[in-house]
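Thanks, everyone. I'll keep this short. Have the structure up on your screens, and we'll go through it region by region.

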Amino acid sequence: MSALTPAVQRLRADHAPALLAFERENRDYFAASVPDRGDDYFARFDERHAALLAEQATGLCHFHVLVDEDGRVLGRVNLVDVADGSAELGYRVARSAAGRGLATAAVREVCALAAEYGLTELRAVTTVDNAGSRAVLARTGFTVTGELVLDGRPGLAFVRPL
């Protein structure tokens with residue numbers, strides 16, 4: 001990505017203030033499609049951020065932020081539950097950045113990074129009613145592998161070989 005477009009960066013300690021602002025600004029927006037993180041998440045954000053960095057250092061997860069040229073976080077793309085060459089992909093993009101193709105571009109970039117991390121397959125899930133997320137997964141090479149219930153709502157499971 002060029003200097004004028006948002007860049008995917010591996011999560012670092014200095015991302016904390018911008019990441020917290022992103023989560024606060026978009027809390028209601030995210031809660032419309034995924035379970036809310038809860039008040040404790042925000043009250044203990046610094047502790048949680050340090051724990052994520054420690055977990056990332058073990059190789060069990062790979063956390064990324066989508067950052068604009070001013071250092072503002074516009075999204076997150078995470079690979080969690082790394083095991084046996086596989087990981088689960090999760091992502092969210094700010095309401096102000098939605099609909100601009102940023103999620104698709106960021107997921108594509110993290111798929112390439114996943115291969116560099118030695119992964120051979122990514123999994124993802126989303127609710128059936130989350131058309132935007134389903135479209136991002138389809139555009140980035142994920143295919144449906146089955147149906148499931150996600151937080152009490154009908155969902156779909158996806159996979160993408162790397």
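Let's start with a cysteine. Cys-61 is buried, with a relative accessible area of 2%. Cys-61 sits in the loop between helix 4 and strand 2, and that strand covers 62-67. One word of caution before going on: this is a predicted model.

Cys-61 has a contact to point out across the sequence. Asn-78 is 17 residues away along the chain, yet the two C-alpha atoms are 7.5 Å apart in space.

Now, how many disulfides does the structure hold? The count is 0. Why does Cys-61 not form a bond with the closest cysteine? Its sulfur is 16 Å from the sulfur of Cys-111, the closest cysteine sulfur, and that is too far for a bond. A disulfide here needs the sulfur atoms within 2.5 Å. Turn it around, and Cys-111 has Cys-61 as its closest partner, again at 16 Å and too far for a bond. Is Cys-111 buried or exposed? Cys-111 is buried, at 4% relative accessible area.

Next, the rings. How many aromatic pairs does a search of the whole structure find? The search finds 4. I'll show two of them.

One is Tyr-29 with Phe-30. Their centres are 5.7 Å apart, the planes make 45 degrees, and the pair is tilted. Tilted is the label because the angle is neither under 30 degrees, which would be stacked, nor over 60, which would be edge-to-face. The two rings sit in different settings: Tyr-29 is partly exposed at 29% relative accessible area, whereas Phe-30 is buried at 6%.

Another is Tyr-41 with Phe-42. This one is edge-to-face, with 5.1 Å centre to centre and 85 degrees between the planes. Tyr-41 counts as buried at 10% relative accessibility. Phe-42 is buried too, at 11% relative accessible area.

Back to Tyr-29 and Phe-30 for a moment. Together with Phe-22, they form one aromatic cluster.

Two arginines join the picture. Which ring does the charged end of Arg-92 sit over? That is Phe-30, with the charged end 4.4 Å from the ring centre. Arg-37, in turn, lies over the face of Tyr-41, at 4.8 Å from the ring centre.

Keep those names in mind, and go inside. A general point on method: rolling a probe the size of a water molecule over the atoms shows where empty space is left. In this model there is 1 cavity of 30 Å³ or more. The largest cavity holds about 60 Å³ of space. Which residues line it? Phe-30, Phe-42, Arg-37 and Arg-92 are among them. The rest of the lining is Glu-23, Arg-27, Ala-31, Pro-35 and Asp-36. By class, that gives 4 nonpolar residues, 5 charged and no polar. Helix 2 gives the most to this lining, with 3 residues.

On to the open space. The largest pocket has a volume of about 1,200 Å³. It is lined by 46 residues. Which of them lie nearest its centre? Val-34, Gly-90, Tyr-91, Arg-92 and Ser-133 do. So Arg-92 turns up again: it lines the largest cavity, and it sits over the Phe-30 ring.

Several elements give two or more residues to the pocket lining. The helices are helix 2 (27-31), helix 4 (45-58), helix 5 (102-116) and helix 6 (131-139). The strands are strand 3 (73-83), strand 4 (86-93) and strand 5 (121-127). By class, the pocket lining has 24 nonpolar residues, 11 polar and 11 charged.

Last topic, the backbone. Most residues other than glycine have a negative phi, and most peptide bonds are trans. Asp-81 has a positive phi of about 55 degrees, although it is not a glycine. Asp-81 lies in strand 3, and counts as exposed at 52% relative accessibility.

Asp-151 also has a positive phi, of about 55 degrees, and is not a glycine either. Where is Asp-151 found? Asp-151 is in the loop between strand 6 (143-150) and strand 7 (153-161). Asp-151 is exposed, with 56% relative accessible area.

That's my tour. Happy to go back to any of these views.

Note on methods
Residues numbered from 1 in each chain as written. Predicted model: local features only at pLDDT ≥ 70, side-chain atom pairs only at ≥ 80, totals over all residues. Heavy atoms only, no water. Phe/Tyr/Trp six-rings, centres within 6.5 Å; stacked < 30°, edge-to-face > 60°. Buried < 20%, exposed > 50% of the residue type's maximum accessible area, 1.4 Å probe, protein only. Lys NZ or Arg CZ within 6 Å of the ring centre and 35° of its normal. 1 Å grid on protein atoms, 1.4 Å probe; cavity = no way out; pocket = protein on both sides within 12 Å on 5 of 7 lines; lining within 4 Å. Points joined across faces, edges and corners; volume = space filled by probe spheres on them. Helix = DSSP H or I, 4+ residues; strand = E, 2+ residues; numbered from the N terminus. Nonpolar A, V, L, I, M, F, W, Y, C, P; charged D, E, K, R; others polar.
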